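Biologist: I've just opened this one and I'd like to understand the labels. Can I quiz you on them?

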Amino acid sequence: SSYSVTGVQTCALPISAIPAGFGSRGSPWPAWWTRSGTSSGDRVTGIRGVVPRRVVLSYRIKSIFYSLQGEGAQVGRPAVFCRFSGCNLWSGHGADRSGAKCHFCDTDFVGVDGPGGRVFETAGELARALIRRWPSDDTPARSECSSIRGPMVVCTGGEPLLQLDSSMIEALHAVGFFIAVETNGTLAAPEGIDWLTVSPKAGTPLVQRSGDELKLEIGRAHV
C-alpha cells in the first residue's frame, strides 16, 4: 500500500485507494489525471507522482510569461507567471458561465495553447522551462529581484492547487524560485509555498484559512 511522493516514479496503489469513476466523465478529478499502467490482483501499477490528495501524472499549463506583478503586496516585482489550466469553480467555457461561482472571470485558462503552454510530464521539466524565462544574470531586473528573495514564480490559473503538488514545489525551489501562489481557497495548499494569496469566492467553501495575503473583489455583484 506504499506510494511515491517525490517525483514521477512508478509505484503501486491498492485499488481501494483509487476514487470511483477515476478518469471517467463525471469524475470529481480533472480528466487529465488518468490511470495508467496495468492492474494486477487488487493493485494498480504505473501510477506516477502520487500524493496523498491527488495523483498528478503531468502538468497542464496554459501559458508561461515574464512580467511584473501588478497587484497586491508584491506589486512591481518581476516574476515568471505560470498559468495552470483548469479550475474547479468554472469550466472556462461560455456556455457554463451562468452557473459558475465566479461568472465574472475574464481569464482564459482552458487548454494548453497559450504562449509557452503545453503538457509537462515531470515537475523538473516544468521548473526548468520556467527558470529559462527568467532574464539572464546581467539584467537589472534579475539583479534587483535576486537581492530581495531570488527570482519569483507566480503560480496562477484557473486554480493552480488542482495541480501544484509537493514535487512541483520541490522542483521550483531547486532551480532557485521564490514561489507565490494565487488560489481561490477551496483546496488546502501544500507545504513550502513562500507567498500565498487567498482570493475566496462567495458561495464556495473556504478550506485554506491561512496565507500571506487576502484578495477580495470589491464592487462586483455576488462576490
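Biologist: Why does Lys215 count as partly exposed?

Modeller: Its relative accessibility is 28%. Buried means under 20% relative accessible area and exposed means over 50%, with partly exposed in between (1.4 Å probe, protein chains only). So 28% puts Lys215 in the middle class. Glu71, at 37%, is partly exposed too.

Biologist: And what makes Lys215 and Glu71 a salt bridge?

Modeller: A salt bridge needs a side-chain nitrogen of Lys or Arg within 4 Å of a carboxyl oxygen of Asp or Glu. Here the closest N and O atoms are 2.6 Å apart, so the pair passes. Lys215 is in the segment after β10 (213–214) and Glu71 in the loop between β4 and β5, 144 residues apart.

Biologist: Before we go on, what am I looking at?

Modeller: It's a predicted model, so local features need pLDDT of at least 70 and side-chain atom pairs count only at pLDDT 80 or more, while totals for chains, interfaces and linings use all residues. Residues are numbered from 1 along each chain as its sequence is written, and side-chain values use heavy atoms, with hydrogens and water left out.

Biologist: How do you know which part to be careful with?

Modeller: From pLDDT, the predictor's confidence in each residue, from 0 to 100. The chain's mean is 76, and 67% of its residues reach 70 or more. Over residues 1–54, though, the pLDDT is below 50. Where pLDDT is low, the predicted coordinates shouldn't be read in detail.

Biologist: Back to the charges. Which Asp residues does Lys62 meet in salt bridges?

Modeller: One is Asp108, with the closest N and O atoms 3.3 Å apart. This pair links strand β4 (residues 59–68), which holds Lys62, to the loop between β5 (78–84) and β6 (118–120), which holds Asp108. The other is Asp113, at 2.3 Å from N to O. Lys62 and Asp113 tie together parts that are 51 residues apart in sequence.

Biologist: Are those three residues buried or exposed?

Modeller: Lys62 has a relative accessible area of 6%, so it's buried. Asp113 reaches 62%, so it's exposed. Asp108, at 48%, is partly exposed.

Biologist: How do you know that β4 and β6 pair?

Modeller: Two strands pair if DSSP finds at least two bridges between them. β4 and β6 have 3, in the antiparallel sense, so they qualify. One bridge joins Tyr59 to Phe120 in β6. As for the names, strands (E, at least two residues) and helices (H or I, at least four) are DSSP runs, numbered from the N terminus.

Biologist: What makes β6 and β10 edge strands?

Modeller: Each pairs on one side only. The open sheet has 7 strands in the order β6-β4-β5-β7-β8-β9-β10, with mixed pairing.

Biologist: Why is β8 called largely enclosed?

Modeller: Because 5 of its 6 residues are buried. On one side, 4 bridges join β7 to β8 in parallel, and Val154 stands opposite Ala180 in β8.

Biologist: What makes the crossover from β7 to β8 right-handed?

Modeller: The test is to point the strands away from you: the crossover is right-handed if the path from the first strand over the helix to the second runs clockwise. The chain goes from β7 through α3 to β8, and this β-α-β crossover is right-handed.

Note on methods:
Contact = heavy atoms within 4.5 Å.
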